[in-house]
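Please look first at the place where the two chains meet, and then at the space enclosed within the protein.

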Amino acid sequence: MELQVKDRDVVVPGQVVATGMEYLPSTGTYRLGDDIRANRLGLMKIEGKVLKTIPLAGVYLPQKNDVVIGKVIDILMSGWRLALNSPYSAVLQVKDATFDFIAKGADLTKYFDLEDHVVAKVIQVTSQNLVDVTCKGPGLKKLTGGRIIKVCPHKVPRIIGTKGSMVGMIKKATGCKIIIGQNGVIWMEGAPDKEYVAVETIRLIEELAHTTGLTERVKQHLVERTGVDAASLEHVEQEEEFGGSPDDRPRRYPREEGRPERGPPRGSSNDRRRRPYPARPRRGEQ
Amino acid sequence: MAYERRHDGRAADEPRKITAKAGVIKKADGSGYFKIGDTAAYAAVYGPQECHPAWMRNPKRGILRCTYSMMPFSGDGERVRPGPSRRSKEISMVTEKALLPVLDLDDYPNAVVDVFIELPETDAGSRCAGICAAAIALADAGITMKDVVPAVSVGQVEGTLVVDLDGEEEHMDENAAADIPVACIPSTGEITLLQMDGVMEPEKLLRALDMVRPALDRIAEAQRNAIKERYAHSAGGGAA
């Protein structure tokens, strides 16, 4: 009936975290005889009688609705294959790629070329971890310019912070645009020296992700490195879950679903926007 | 003539000096270092990652692939030819089999966990050191595993049972020395590696297996501490 560890302790595989039947094992722990033991490296999380561990390391496993940054590694018959910084790659189907009409047999590299990075959302994962992603949605797009860094996927929540407070601070202090994929791939763009500070700060968060008082530590680091006013970094929260910058504001899309797959070909991509007023009558009509 | 005093003054059931570390290879997904006496092993874990060649894939669960390799200068003077050999292939296989029972790779169908073990310095007990380092590395990589896997050898020298034979003890004449590498799962006591070189009476073998337990527990503790220590230095908001 004894708890052997404290909340937020680092636990390792096989370590006894509690004895007796008082507590219940959950993710990251298991029962062996009378003991509950950890079955992975993690931070202990005690939720009443339920014992869990929060992983400190490991690869990214795709989950539905995750916004990820993928790299185009192959071009398929009707889509693209994206590497997700994970053991499993994703397929972006042509129908999920854009609102534009893409004719059969079109050159797909015009939309996404090899080596391009794409912000995409996971729409389906099968039992064998086959992944489908979409690029239709607010903030989902091809990335141009900037730089890509990779971090441990399990540290992404700390880098984003509560309601985006942590990444908000970095953005405000460095003036960089930052997009964080759930898979641990981060895109950023800004002045080169500021990008450097942002990378450094993210590495710092990664290093100290398991500690407390991280926000203060990061704030102090940003103030030291950029000279911004500490007060200006208070309550920097963002609405978007992943780091979309203001000019990534969600656009109004005609329809999310129920769209005919093969509509009439349209000319330039500007034409797809619906005119807010009725079409002008053509000459001769009335 | 019985072997009453060990040449380095150790007690019969005392392993050599142990040093264990985690996170020693930055670019790997997980890594471990294990040194026991003059035998040192590095292990690097990559993955779970996409499995190539594709025919090796298992659609039910992820697979473990270990590669044991002694460095050219790691032996007792004679150059070890790098690359796979009959011996290193066998050791890679038994390492895999020693580690697999603790791992849970059900979440990674078709993927592979690659473990590379390199030994810069060896003085007997290298497969055990390799398994110890690999277990640290796998835990450090965040892979689900129910326990660490400690491994050490036990054997007899001139009729006396001793734990953790070093090179001098092991390389005696076959009739004088027997060497049994053992790996176990400490929480359940299950043995995951058991090999033997030399000759030993059955009763003695059973005694030897009892005798090796305290050393295995001690090694398991060193492995767990090594993984924890990696996160200890920066706790409390210290400098990166």
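In the classes used here, Ala, Val, Leu, Ile, Met, Phe, Trp, Tyr, Cys and Pro count as nonpolar, Asp, Glu, Lys and Arg as charged, and the others, Gly among them, as polar. This is a predicted model, in which local features need pLDDT of at least 70 and side-chain atom pairs count only at pLDDT 80 or more, whereas totals for chains, interfaces and linings use all residues. Residues are numbered from 1 along each chain as its sequence is written, chains are lettered from A in the order in which they are written, and side-chain values use heavy atoms, with hydrogens and water left out.

The two groups of residues compare by class as follows.

| Group | Nonpolar | Polar | Charged |
|---|---|---|---|
| Side of chain B that touches chain A | 15 residues | 12 residues | 7 residues |
| Lining of the largest cavity | 7 residues | 2 residues | 2 residues |

At the interface, 34 residues of chain B are in contact (heavy atoms within 4.5 Å) with 29 residues of chain A. For salt bridges (a side-chain nitrogen of Lys or Arg within 4 Å of a carboxyl oxygen of Asp or Glu), the rule finds 0 across the interface of chain B and chain A.

The structure holds 1 cavity of 30 Å³ or more, a cavity being a set of points on a 1 Å grid over the protein atoms alone where a 1.4 Å probe fits but cannot get out. The largest cavity has a volume (the space filled by probe spheres set on the points) of about 40 Å³. Among the residues that line the largest cavity, with an atom within 4 Å of a point, are B:Arg16, B:Phe34, B:Cys128 and B:Asp164.

Terms used: 1 Å grid on protein atoms, 1.4 Å probe; cavity = no way out; pocket = protein on both sides within 12 Å on 5 of 7 lines; lining within 4 Å.
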